[in-house]
Amino acid sequence: MSDSSGDGRDAPDDGSESWQTRADRALARLVDASAAERILISFAALALSVVVGAFIILVSGWVATCQSPFFALGGVGSFCYDPVSVYRVMLVGAAWPPYNFAITLKETTLLLFTGLSVAVAFRAGMFNIGTQGQLVLGALGTAMSVLWVAPFVPVGVLGGLVLIAVGLLVGALVGGLWGAIPGALKAYADANEVITTIMLNFVASGVAFTLVSEVFKDPQSQTVQTRSIPGFAQLQAVFFDSTVFSMLALVGALALVAGIYWMLNGTSFGYDLRTSGVQPEAAEYGGVDSKRMMVSSMGVSGALAGLGGAVYVLMVASRWQTGIPSLGFDGITVSILAGNNPLGVVPAALLFGALKTGSLAIEFQLAVPKQLVGVLRGLIILFIAMPEFFRMVGARFRFGDERPTVATDGAGETTVGVDETATGAGETTDGTTAGDEGGDER
Amino acid sequence: MSYAEPSRKQRWLAGAAVLIVVALLAVELFFPESPVSEIVRIVDANYIRSVLRLTVPIAFAALGGIFAEKSGVINIGLEGLLIISAFTSVAVAGTISGGNPTQLQLWIGFVAAVLASVLFALLFAVVCIEFKADQIIAGLAVWLIALGLAPFASKVIWGQVNSPPVATLNNFDLLVAEANPPVVMMLVSVPAAWYVLNRTAFGRWIEASGENPKALDTVGVDVRKVRYSGVLLSGFFSGLGGAGLALGRVGQFIGGGTTMVNGRGWIGITAYLFGNYNPLGAFGASFLFASLDALQIRLQQLGYSVPSELIGVIPYVTVIVVLAFVGRTRIPDAAGDHYESGEE
């Protein structure tokens with residue numbers, strides 16, 4: 001959007017311009033003001049999930065039978081798993097030995113794609129729960145296109161670059177097209193995208209499985225999988241000596257984060273996308289075709305998921321195979337934890353990458369089922385869904401009487417300023433609440 | 001209420017026609033050599049019985065969803081509730097019996113499963129009503145928690161994500177035929193739910209709570225309590241559905257992938273949207289979806305070399321087609337909104 005200080009061409013349409021400036025400011029304020037609170041809520045939700053998770057670990061350790069319980073109580077029974085050591089092993093196992101750290105970074109890289117995918121859709125006011133299906137089909141597109149093109153390119157670095165480019169492109173394209181379907185269904189048939197995206201997940205995995213098992217199956221293999229892509233088409237490890245992680249992919253994913261951030265905040269497309277997410281009516285009034293916006297934002301979202309699938313094939317699996325991990329569903333958690341902010345997706349993806357690697361460590365070292373991470377994933381979403389809970393707890397125990405003290409730290413120059421800051425902060429919080437609810441309404 | 005829109009019946013018929021056409025087209029597409037008559041021959045008493053059993057989890061999820069959403073709370077966690085109750089039923093029956101449950105122990109497992117589902121629904125209700133959570137995200141959380149918790153607990157109890165097989169509930173004699181207990185419960189619950197919603201004071205409260213909570217508040221009925229009952233009923237019905245699936249038909253808990261529930265809760269949601277919040281319509285839609293599922297199973301039994309995964313996709317595609325054609329169903333006005341009573 002051209003701003004008001006531009007040349008005279010935009011000037012005649014005064015009303016629309018002032019509306020745009022105002023909406024821009026309101027949107028910016030909403031994002032900025034809610035950022036601090038959202039970060040607080042994310043951390044609080046994480047902490048609470050850890051606590052509830054510890055309780056679940058205790059109870060399951062009480063149910064499980066084992067040789068040497070860590071703790072036994074007469075009359076109550078014995079407890080097999082020690083929550084503290086479970087969490088310790090989880091965290092340590094995510095970073096050490098270096099091989100585990102490479103796995104963590106691998107997971108992080110993949111989650112960056114799916115997290116971004118969900119975040120972009122969310123920003124446009126759409127729930128994309130179909131990231132998993134878009135990723136599965138994107139992965140298949142990548143595997144097939146690389147296998148098809150491979151005979152025509154020279155073996156070596158140059159050929160590898162071509163194949164990787166083709167693979168990424170086709171993965172993004174397939175994922176994008178699959179993602180655009182629920183967008184179009186919502187725009188033109190008013191079909192709820194939550195349901196259609198979930199249904200399309202089932203359809204995607206069924207179609208991909210059938211295609212591979214009937215048409216593209218590796219004749220050498222017992223399981224349903226495609227032939228392996230040539231080694232020179234795989235993303236090469238640069239830093240860690242790992243077959244499943246490439247620093248190139250991580251750097252590329254981080255560049256993509258920056259790109260998406262810029263797209264959302266620096267381009268007119270991103271502006272339209274965010275406005276139609278926060279205030280669809282206002283966006284329509286401002287000249288945004290909301291139907292096309294639904295389709296294109298879901299297309300972008302699906303393309304990001306498809307890229308995740310492409311990287312999964314090019315970096316991790318080197319083929320399409322059944323049992324692709326639930327990166328799409330983890331992407332939902334990553335995005336919600338990140339407050340749907342592309343920059344927030346980075347720490348959230350790292351955290352979840354670490355948790356997933358750590359879950360392998362707890363199963364290996366302590367015999368605690370790795371599905372624990374799935375439980376934590378759900379708990380985090382549940383707690384983030386109820387910011388009101390934290391506001392209530394906060395009001396009762398902490399912020400109620402300590403807010404002036406907190407404000408003093410920020411603006412300790414004049415006594416009057418303290419009071420003003422305190423009330424100002426309170427107002428901002430209220431404003432955020434109203435804004436958030438407006439944004440979530442659909 | 002709806003002037004420009006087609007009537008409920010028209011919509012229903014249109015949807016049914018689309019469904020049948022899609023099903024026949026799919027069959028024609030996959031087996032051009034097979035006459036449709038052979039497919040028609042599939043439909044016999046056995047087929048209907050098997051469809052009814054497959055309808056159980058879908059229809060119960062749909063009934064539960066109707067009560068929750070009509071009261072103003074959109075519960076998309078139904079899939080999670082089915083998973084929780086399917087798991088609990090097998091876990092409790094298996095644990096108290098030491099692996100080989102008797103009929104009584106199976107029924108204890110059944111009741112425990114319904115309780116577990118109601119407890120989960122209570123958690124969801126508290127989160128949504130007391131803490132004003134976003135209902136869609138909270139419902140998603142219920143599903144994801146169940147999707148993680150059930151395989152986790154399976155591994156703790158059995159060392160693997162699938163349970164060892166257990167017996168299923170015995171059929172009992174009903175008039176001339178053998179009847180499957182969960183099927184009978186379903187056939188009783190559907191008209192009962194219709195009666196409660198359309199002919200009782202409680203049904204009117206549920207309706208008002210979702211349409212115009214302020215009016216309900218004004219006449220002195222506690223909106224919170226009505227909404228709690230709506231959500232708890234969704235837990236109750238989903239509990240019947242999940243336990244009915246595990247103990248009435250499968251006789252095992254399968255926790256791999258999307259678990260044995262495999263999207264039936266989501267199909268249940270579509271079923272009640274399709275049935276326009278009417279229990280009878282929702283049952284009809286559930287029956288249609290289940291009949292597609294049964295068709296797939298039967299075709300495989302008949303030895304058609306058709307990739308089962310592809311046929312397995314048909315119900316989900318149908319749901320999408322139906323959603324696209326039926327489009328918007330009018331959701332209750334206040335569904336998804338939080339209600340704040342004026343005076344405390």
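**Notebook: helix 11 of chain B and the A–B contact**

I looked up helix 11 of chain B and found these buried residues (under 20% relative accessible area with a 1.4 Å probe, protein chains only; exposed is over 50%, partly exposed in between): Arg264(B), Gly265(B), Trp266(B), Ile267(B), Gly268(B), Ile269(B), Thr270(B), Ala271(B), Tyr272(B), Leu273(B) and Phe274(B). The helix spans residues 264-274, and 11 of its 11 residues are buried. Helices here are DSSP runs (H or I, at least four residues), numbered from the N terminus. Just after this helix, I noted that Asn276(B) takes a positive phi of about 50°.

I recorded the conventions next. The model is predicted, so local features need pLDDT of at least 70 and side-chain atom pairs pLDDT 80 or more, while totals for chains, interfaces and linings use all residues. Residues are numbered from 1 along each chain as written, chains are lettered from A and ligands numbered from 1 in the order written, and side-chain values use heavy atoms, without hydrogens and water.

**Aromatic pairs**

I found 15 aromatic pairs over all chains; rings of Phe, Tyr and Trp (its six-membered ring) pair if their centres lie within 6.5 Å, with planes under 30 degrees apart stacked, over 60 edge-to-face and the rest tilted. One of them joins Trp143(B) and Trp266(B) edge-to-face, at 5.0 Å centre to centre and 85° between the planes. Trp143(B) lies in helix 6 (residues 135-158) of chain B and Trp266(B) in helix 11 of chain B, so the pair ties together parts 123 residues apart in sequence. Trp143(B) is buried at 3% relative accessibility, and Trp266(B) is buried at 0%.

I then looked up Phe236(B) and Phe237(B), whose ring centres are 5.5 Å apart with planes at 65°, so this pair is edge-to-face. Phe236(B) is partly exposed at 35% relative accessibility, whereas Phe237(B) is buried at 7%. Both belong to one aromatic cluster with Phe60(B) and Phe67(B).

**Contact between chains A and B**

I read 48 residues from chain A and 44 residues from chain B in the contact (heavy atoms within 4.5 Å). The chains bury about 4100 Å² between them, 83% of it on carbon and sulfur atoms; buried area is the accessible area (1.4 Å probe) lost on being put together, summed over both parts.

I found 1 salt bridge between the chains (a side-chain nitrogen of Lys or Arg within 4 Å of a carboxyl oxygen of Asp or Glu). Lys155(B) and Glu363(A) form a salt bridge at 3.0 Å, N to O.

Methods. Buried area is the accessible area (1.4 Å probe) that two parts lose on being put together, summed over both. Helices (H or I, at least four residues) and strands (E, at least two) are DSSP runs, numbered from the N terminus.
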